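Me: I have a new model open on my screen and would like to learn how to read it. Could you walk me through it?

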Amino acid sequence: MDSSSEVSGTPGRRGVDWHRWLLMLLAATNRIRLPGPSVLPVAGAVVGLYAGLAAGLFANLIALVSGLAFGFPRLVDALRPRSDTRLELTQAFAEASWHPEYLIVGVPLGLGGLVLSRIILPGGPRDEVKRRLEVLGLLVLGGLSLYYPLVALAAVNSVLGHMENMGRALQHLPFWLVPLLPALGGALVGHVLRNRPETHGHGVPEVVKAVEREGLLPARDGVLKLVASAITIGTGGSAGREGPIVCGGAAFGSAVGRTLGFSRRELSILLASGAGAGIAASFNAPIAGAIFAMEIILRELQLRVFSPIILACVTATMVGRGVMGSASMIRRVAYTMVSGWEIVFYAVLGLVTGLLAYAFIRAMHDVEDFFHGKKPGRLSAFLGRQPMPLRAALGGLLVGCLALVHPVVWGTGHEYINDAAARALPLTLLASGFLLKLVATSLTLGSGGSGGTFFPTTVMGALAGGAFGELLHAAMPGITAPSGAYAMVGMGGAVAALTRGPLTGLMMVYELSGNYAIILPLMVTCTLSSALCHALVERRAGGEVYALRRSPVRALVVWVEPVGPGLPASVLRERLLTAPVSALPVLGADGQLLGVVTASTLGERWRRAGGEATVAALADLARPVSPDTSLADALAIMDAQAVDALPIQGEGQVGVVTRTGLERFLEGARRKTARTEPAFTATEIPR
């Protein structure tokens with residue numbers, strides 16, 4: 001009797017146990033909280049996944065565009081039912097980097113996030129947790145669904161020969177087609193971007209500006225830039241592929257951060273993660289990508305930004321290697337320092353590459369001004385009146401003519417870095433190559449083409465360093481290394497000078513070359529080249545700095561009626577729409593100025609705070625300044641407090657000064673001082 005009841009009661013107790021454990025599990029899931037800092041590393045990894053996919057897609061787009069010109073006969077032949085083509089395709093698919101482990105790890109993670117988002121009960125802060133889990137889960141599954149078709153596309157491109165170095169294939173093109181292809185590409189890009197002037201930049205400056213402006217970067221601009229740059233480079237325009245990838249990765253990071261409801265600071269970190277991931281995937285250099293994000297984009301090296309940026313660069317590099325291959329961009333050539341005298345020579349090389357980068361910056365903006373009608377003379381005025389497709393086509397035509405002289409002009413030209421490192425080019429081709437590459441890139445980007453400047457800069461630095469090394473080795477063969485060592489170090493010096501980021505240039509070349517023996521030359525060259533270019537740019541911008549320091553805020557302040565902290569957001573919106581400026585000062589409960597509220601941040605913060613939000617929840621806290629504060633000091637305070645406007649406390653009245661107003665003031669100063677440095681924005685003025 002006792003035995004039977006014990007046996008019969010066992011299932012009941014087990015059912016009670018399982019029921020109790022299930023309730024405890026559900027209660028635990030409903031206690032989950034996902035604050036921004038805890039989600040940021042995971043979001044960084046997801047952004048890196050899509051940055052790697054974007055880099056692979058971009059490389060394949062360039063290959064397809066190039067294939068239309070170079071490989072079209074091969075494409076037609078490949079579509080015929082032939083056994084050897086099928087065999088090549090089969091072999092390419094068998095050797096592709098499918099990485100099934102990505103599915104094994106990624107699918108459970110994505111599905112787990114979706115299941116958790118369904119289990120957690122709605123209401124209160126749990127809604128934010130549900131939304132973040134659902135978004136991250138969908139993004140992981142979406143990334144996996146895109147990875148494998150992209151690997152297949154890369155395999156097909158490799159069989160068709162589209163992934164080969166197109167600069168080598170110029171000899172197979174008819175003579176008349178070499179100038180025509182870049183011209184056609186320029187005309188098409190000019191037509192695509194004619195109504196989107198904000199997408200014409202080189203990529204990196206736009207990302208830096210977005211970090212300083214609420215971390216917002218429209219995703220549409222990133223996609224357009226990828227397409228336009230693929231057309232430019234694929235048809236022979238002299239530009240780099242890293243700028244569009246940086247912009248695209250940053251735009252995706254910004255979109256993900258806004259969807260997840262991140263703060264302004266977290267948005268900036270995620271945007272920088274996408275930019276660094278783009279560099280990591282483009283160059284197959286994760287360390288350099290992470291340093292680029294911190295040194296160039298965020299301009300800070302702090303522990304709190306490491307996790308999302310590092311994870312983004314790791315995932316982007318893994319995906320990029322799967323799609324584009326794991327081979328280094330530079331063939332590993334072992335060079336060492338022959339004597340201590342070489343440190344002096346590498347210091348001179350740093351000065352040479354610093355001057356080269358500064359000449360490149362000046363040439364790009366001078367050509368851009370010339371094609372936009374901002375230079376004196378009838379020809380510049382005539383070009384400025386022409387539609388953008390015609391200007392870009394003319395620039396492409398000139399680049400195509402230069403490609404007849406030297407093939408390094410065509411496309412990115414990165415294959416010639418290996419030639420310079422291996423001493424496969426004579427002195428005449430090295431010297432003419434870096435000069436023509438400088439001119440061609442300036443023509444491509446200045447006339448209206450789309451692309452980046454990193455890849456062309458690495459090519460110019462390698463060729464200039466190789467030429468410098470050839471001269472040294474011919475004069476002093478006993479105390480100098482072969483010219484290939486100077487080519488690699490020159491590449492790093494040129495990147496460091498262009499970005500004014502010595503760590504980025506140093507780590508990029510060290511990581512690509514895998515040669516620890518050149519680390520000391522790299523340190524010397526990158527430091528001096530960056531310092532020299534920065535000094536030259538700062539000297540050129542001296543008129544702007546003087547104008548900022550001698551002018552008080554009073555000259556730009558807009559006096560407006562302040563708003564109280566309890567004003568509803570709906571009323572605030574109407575006030576901003578009718579105000580003479582896009583920002584309003586905010587008074588605290590004690591009647592003292594406590595900050596500003598801007599139109600650019602109102603919509604996003606209103607959505608986060610809810611429909612009943614008031615001014616106090618939407619405002620930026622900012623220290624008020626007096627009307628006699630200099631514009632330079634006001635700009636420094638804006639940067640320090642991460643705001644785009646400052647409240648001004650006058651005698652019996654209050655007002656605001658905005659960053660936009662400062663930029664307009666600087667533009668006027670540029671015109672009055674006969675043009676200083678167009679590469680600067682108001683936030684990049686040396687102080």
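Reply: Happily; we will go from the whole chain to helix pairs and then to one residue. Keep in mind that this is a predicted model.

Me: Let's begin with the whole protein. How many helices and strands does the protein have?

Reply: There are 28 helices and 6 strands. Of the 687 residues, 54% count as buried. Contacts tell you about the fold too: taking those with a separation of 6 or more, 77% join residues 24 or more positions apart.

Me: How do I read a single helix, say helix 7? What span does helix 7 reach, and what is expected?

Reply: Compare its end-to-end reach with the expected rise of 1.5 Å a residue. Helix 7 covers residues 177-192, 16 residues in total, and its first and last C-alpha atoms are 22 Å apart, close to the expected 22 Å.

Me: Which residues of helix 7 are buried?

Reply: A general idea helps here: an α-helix has 3.6 residues a turn, so residues three or four places apart point the same way. In helix 7 the buried residues are L177, V178, P179, L181, P182, A183, G185, G186, V189 and G190.

Me: Now for pairs. At what angle do helix 11 and helix 12 pack?

Reply: The angle is about 140°, and the axes of helix 11 (residues 264-283) and helix 12 (residues 286-298) are 8 Å apart. Angles over 145 degrees would count as roughly antiparallel, so helix 11 and helix 12 are oblique to each other. Their crossing is right-handed. On the helix 11 side the contact includes R265, S268 and I269, and on the helix 12 side P286, G289 and F292 are among the partners. By class, this contact has 10 nonpolar, 3 polar and 1 charged residues.

Me: And which residues make the contact between helix 14 and helix 19?

Reply: Start with the geometry: helix 14 (residues 341-371) and helix 19 (residues 454-475) pack at about 140°, with axes 10 Å apart. The crossing is right-handed. Helix 14 brings F345, V348, L349, L356 and F360, while helix 19 brings T457, M460, G461, A464, G465, F468 and L472. These divide into 9 nonpolar, 3 polar and no charged residues.

Me: Finally, one residue. Is A403 buried or exposed?

Reply: Check its relative accessible area: under 20% counts as buried, and A403 has 5%, so A403 is buried. A403 lies in helix 16 (residues 388-405). Leaving aside residues up to four places away in sequence, A403 touches L170, V178, V409 and W410. V178 is also one of the buried residues of helix 7.

Conventions: Residues numbered from 1 in each chain as written. Predicted model: local features only at pLDDT ≥ 70, side-chain atom pairs only at ≥ 80, totals over all residues. Heavy atoms only, no water. Helix = DSSP H or I, 4+ residues; strand = E, 2+ residues; numbered from the N terminus. Expected span 1.5 Å × (residues − 1). Buried < 20%, exposed > 50% of the residue type's maximum accessible area, 1.4 Å probe, protein only. Axes fitted to C-alpha atoms, helices over the stretch in contact; angles between N-to-C directions. Left-handed = near helix turned anticlockwise from the far one by under 90°. Contact = heavy atoms within 4.5 Å. Nonpolar A, V, L, I, M, F, W, Y, C, P; charged D, E, K, R; others polar. Parallel < 35°, antiparallel > 145°, perpendicular 65-115°, else oblique.
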